[in-house]
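Open the model in your viewer and keep the selection panel at hand.

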Amino acid sequence: MDALVPPALWALGGALLQRLFPTRRPPALVRALALLILVASAALGIQAVRGFRAHATTVHPHHIHDVTSLVTDGAHSVSRNPMYTALVGGLVSIALWRGRAAALLPAVAVWGVLHRFQVAPEEAALAEAFGDEFERYKEAVPRWL
């Protein structure tokens, strides 16, 4: 079954939920960590999209059965789900920037939803499409980081 809600919308919803928590200015080190995570997440996500484009396969999360290539290089050599990792990383950076531990709850919720309703069906489709090649990739590269 293909996903009904695009992962970016889940992340946007998580970011909007984070606004419910009041902001408390965190220490400079925490703000620096938040910026580092944000930049790293953006770079990971951008590199992952570029990798899909270079391999001429779909980035559209609603059409997981339209995949034409198993992308295992670039961002996909450090995470089997670098685009989703980037989305969750962005939410973690926002939570850190807001200075409230409770602001991490939407990030955890989005991670859980993506893990269950996006990643699981995608991995089943990839296993069906690429068989042993995907199994070897799963053994070599972590699902998230």
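The tour goes from a pocket to a helix and then to one side chain.

This is a predicted model, in which local features need pLDDT of at least 70, side-chain atom pairs count only at pLDDT 80 or more, and totals for chains, interfaces and linings use all residues. Residues are numbered from 1 along each chain as its sequence is written, and side-chain values use heavy atoms, with hydrogens and water left out.

**Stop 1: the largest pocket.** Select Phe 52, Val 59, Met 83, Tyr 84 and Glu 122. Of the 29 lining residues, these are the closest to the centre of the largest pocket. The space there is about 590 Å³. Next, color α1 (7–18), α2 (28–54), α3 (82–98) and α4 (104–140). Each gives the lining at least two residues; helices are DSSP runs of H or I, at least four residues, numbered from the N terminus. By class, the lining has 19 nonpolar, seven polar and three charged residues.

**Stop 2: helix α4.** Show α4 alone. How far apart are its end C-alpha atoms? They are only 29 Å apart, although α4 has 37 residues and a straight helix would reach 54 Å at 1.5 Å a residue. Now center on Phe 130. Here α4 bends by about 125°, the angle between axes fitted to the seven residues ending there and the seven starting there.

**Stop 3: Phe 134.** Stay in α4 and select Phe 134. Is Phe 134 buried or exposed? It is buried (under 20% relative accessible area, 1.4 Å probe, protein chains only), at 1%. Beyond neighbours within four places in sequence, Phe 134 contacts Leu 70, Glu 123, Leu 126 and Ala 127 (heavy atoms within 4.5 Å). Finally, draw a C-alpha distance to Phe 52: 16 Å, across 82 residues of chain.

How values were computed:
On a 1 Å grid over the protein atoms alone, a cavity is a set of points where a 1.4 Å probe fits but cannot get out, and a pocket is an open set with protein on both sides within 12 Å along at least five of seven lines; lining residues have an atom within 4 Å of a point. Grid points are joined across faces, edges and corners, and a volume is the space filled by probe spheres set on the points. Ala, Val, Leu, Ile, Met, Phe, Trp, Tyr, Cys and Pro count as nonpolar, Asp, Glu, Lys and Arg as charged, and the others, Gly among them, as polar. The expected span of a helix is 1.5 Å times one less than its number of residues. Buried means under 20% relative accessible area, exposed over 50%, partly exposed in between (1.4 Å probe, protein chains only).
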